[in-house]
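Some labels in a structural description deserve a challenge. Here is a short round of questions on why each label applies.

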Amino acid sequence: MRLRVRKADLLASLVVFLVALPLCVGIAVASGVPAELGLVTGIVGGLVAGALPGSSLQVSGPAAGLTVLVYEAVRAYGLEVLGVVVFAAGVVQVGLGALRLGRWFRAVSVAVVQGMLAGIGIALVAGQVYALGDVNAPASALGKVGGLVSLPGDADPVALAVGGGTIAVLLLWRRWASGTRLVPGPLVAVVLATGVTWGFDLDVRRVEVRGLLAAVRVPEAADLGRLAEVGVIGTVVAFALIASAESLFGAAAVDRLHQGARTDYDRELVAQGVGNAVCGVLGALPMTAVIVRSAANIEAGARTKVSRVLHGVWLLGFAVVLPGVLGVIPVAALAGLLVCAGCGLVPVREVGVLWRGHRGEVVVLVVTAGVIVVGNLIAGVVVGLALAVGKVAWDISHVHVEVEVGEQGDGGDCGDGVVVVRVVGHATFLRLPKLLDALEALPRGREVRLELGGLRHVDHACAAALEGWVAGRGRGMGMGMGMDQGAGAGGGAGSGSGG
């Protein structure tokens with residue numbers, strides 16, 4: 001049994017290595033850093049994070065979801081500050097895990113997370129479309145979207161053909177189930193594009209190779225001083241929170257794909273933090289758990305964490321023995337790979353499901369994504385979280401006013417001409433206009449009995465408004481007793497009576 005398990009893990013590690021190799025390189029190039037730094041992050045994700053407890057089958061490495069944020073950070077602060085930011089983000093993650101806050105990431109609105117990924121995906125695609133044609137992309141996300149109009153005239157047709165062919169191979173390979181199980185689609189697409197450009201000696205831009213040791217840069221003491229800058233601190237927090245959320249949401253998805261041990265979220269957060277701290281010391285990209293590699297690991301038959309550790313060994317061997325191979329890979333092919341990855345981040349199907357049952361969640365998702373595209377990632381997440389909290393507050397503040405008017409001489413519940421008003425639900429300031437409109441519309445000159453026993457919560461604003469309304473009605477006004485326990489600030493309004 002042990003031999004079969006080891007064999008399964010060995011084969012799975014090779015599959016994950018083949019999936020991770022082109023993605024590590026492509027994400028690094030798209031992030032504006034040397035290609036070797038993507039491999040360094042993949043190596044650390046396997047050898048360091050992969051060996052630590054948390055999730056046994058989840059595979060870590062550079063993620064497309066952080067590409068836009070890394071690119072903006074490098075552009076704003078320089079490549080020399082990247083290692084400091086990643087290191088500090090890793091320390092924050094370790095602290096969050098040590099405080100056992102990992103499980104609380106599951107409380108973040110799914111709509112915000114999906115909106116974040118959608119915004120990142122749209123910005124990533126908008127940037128990589130330029131790389132498909134060997135064209136320099138505008139700096140801002142909004143400029144990238146606006147510049148798409150003039151892109152066809154500026155693009156190199158040869159590079160565009162290489163990038164388009166890469167996308168076509170990826171899409172077609174996915175339809176061949178047997179082939180996908182044998183060789184990962186990203187590797188096939190990049191190898192074919194590289195073979196064509198090398199065989200026909202096509203004049204397209206290729207990946208620049210510096211060498212592993214030349215690309216690694218250990219942060220210096222002067223770089224650590226940049227952590228005092230407000231913008232750098234904000235970037236550290238964004239790296240830590242977004243990488244943590246992506247990893248832990250990925251862990252929940254991975255747990256649904258296998259029957260083994262479930263993820264310990266706090267330990268997984270510590271593992272991700274340690275891995276990012278090591279990546280920071282090496283000046284590499286930040287890492288997260290990546291669902292594409294994790295799913296490939298499980299589908300290939302992995303049983304233990306040995307497979308993800310070994311995939312780091314294979315990446316290290318490639319980076320040491322065959323670094324020159326990177327120099328023949330066309331950038332347009334990697335751009336095609338990331339265009340598909342960016343499209344995969346946009347939750348098109350989930351939007352359709354949400355629209356049918358929870359349209360408010362769609363608003364949160366779309367606004368979050370829109371702010372990220374026209375602004376930046378941090379602003380989008382903050383706006384999305386604020387909208388999500390506001391939506392929850394609005395949803396739980398439902399209040400219903402039921403009016404039952406008795407006829408003169410009627411001996412029913414309403415008595416002889418008594419108007420019974422029952423208020424049910426949660427009376428908060430958000431629904432105060434609705435509540436007062438209903439009460440003001442009651443007929444004058446009739447005896448009114450206000451029943452508040454159906455209220456589950458009354459805030460101070462509504463309690464004061466109810467008391468004021470009762471006082472304004474004057475004589476012939478009665479207020480029922482027996483409000484539900486836990487009604488909150490308005491308890492006095494429900495237990496008193498007006499004359």
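**Labels and their grounds**

Q: What makes Glu72 partly exposed?
A: In this predicted model, Glu72 has a relative accessible area of 25%. Partly exposed lies between the buried limit of under 20% and the exposed limit of over 50%. Glu72 is therefore partly exposed.

Q: How do you know that Glu72 forms a salt bridge with Arg75?
A: The closest N and O atoms of Glu72 and Arg75 are 2.6 Å apart. The cut-off is within 4 Å, so the pair qualifies. Both residues lie in helix H3 (residues 67-77), three residues apart, about one turn of the helix. Arg75 counts as partly exposed, at 46% relative accessibility.

Q: Why is the contact between Asp266 and Arg100 called a salt bridge?
A: The N to O distance between the side chains of Asp266 and Arg100 is 3.7 Å. That is within 4 Å, so the label holds. This pair links distant parts of the chain, 166 residues apart. Asp266 is in helix H14 (residues 265-281), and Arg100 is in the loop between H4 and helix H5 (110-132).

Q: Why is Asp266 called buried, and Arg100 partly exposed?
A: Asp266 has a relative accessible area of 5%, and buried means under 20%, so Asp266 is buried. Arg100 has 49%, and exposed means over 50%, so Arg100 counts as partly exposed.

Q: What makes Arg449 and Glu451 a salt bridge?
A: Their side chains meet at 2.9 Å, N to O. The limit is within 4 Å, so the pair counts. Arg449 is partly exposed at 30%, and Glu451 is partly exposed at 22%.

Q: Which residues are joined into one network by salt bridges that share partners?
A: Arg217, Glu220 and Asp223. The structure holds nine salt bridges.

Q: Why does Asp255 have no salt bridge?
A: The nearest side chain of opposite charge, Arg262, is 4.6 Å away. A salt bridge needs a distance within 4 Å, so Asp255 and Arg262 do not qualify. Asp255 is buried. Its place is in helix H13 (residues 230-255). Leaving aside residues up to four places away in sequence, Asp255 touches Ala261, Arg262, Thr263 and Tyr265.

Q: Why are H4 and H13 called oblique to each other?
A: Helix H4 (residues 79-98) and H13 pack at an angle of about 55 degrees. Under 35 degrees would be roughly parallel, and 65 to 115 roughly perpendicular, so H4 and H13 are oblique. Their axes are 8 Å apart. H4 passes H13 in a right-handed crossing.

Q: Which residues in H4 meet H13?
A: Among them are Leu82, Val85, Val86 and Ala89 in H4. Their side of the contact meets H13 residues including Val232, Val236, Phe239 and Ser244.

Q: What makes H13 and H14 oblique?
A: The axes of H13 and H14 cross at roughly 130 degrees. Roughly perpendicular runs from 65 to 115, and roughly antiparallel is over 145, so H13 and H14 are oblique to each other. The axes come within 10 Å, and H13 passes H14 in a right-handed crossing.

Q: What does Asp255 have to do with the H13 and H14 contact?
A: Asp255 is one of the H13 residues that meet H14. Others in H13 include Ser244, Ser247 and Leu248. In H14, the residues met are Tyr265, Glu268, Leu269 and Gln272.

Conventions:
Residues numbered from 1 in each chain as written. Predicted model: local features only at pLDDT ≥ 70, side-chain atom pairs only at ≥ 80, totals over all residues. Heavy atoms only, no water. Helix = DSSP H or I, 4+ residues; strand = E, 2+ residues; numbered from the N terminus. Buried < 20%, exposed > 50% of the residue type's maximum accessible area, 1.4 Å probe, protein only. Lys, Arg positive; Asp, Glu negative; His and termini not counted. Contact = heavy atoms within 4.5 Å. Axes fitted to C-alpha atoms, helices over the stretch in contact; angles between N-to-C directions. Left-handed = near helix turned anticlockwise from the far one by under 90°.
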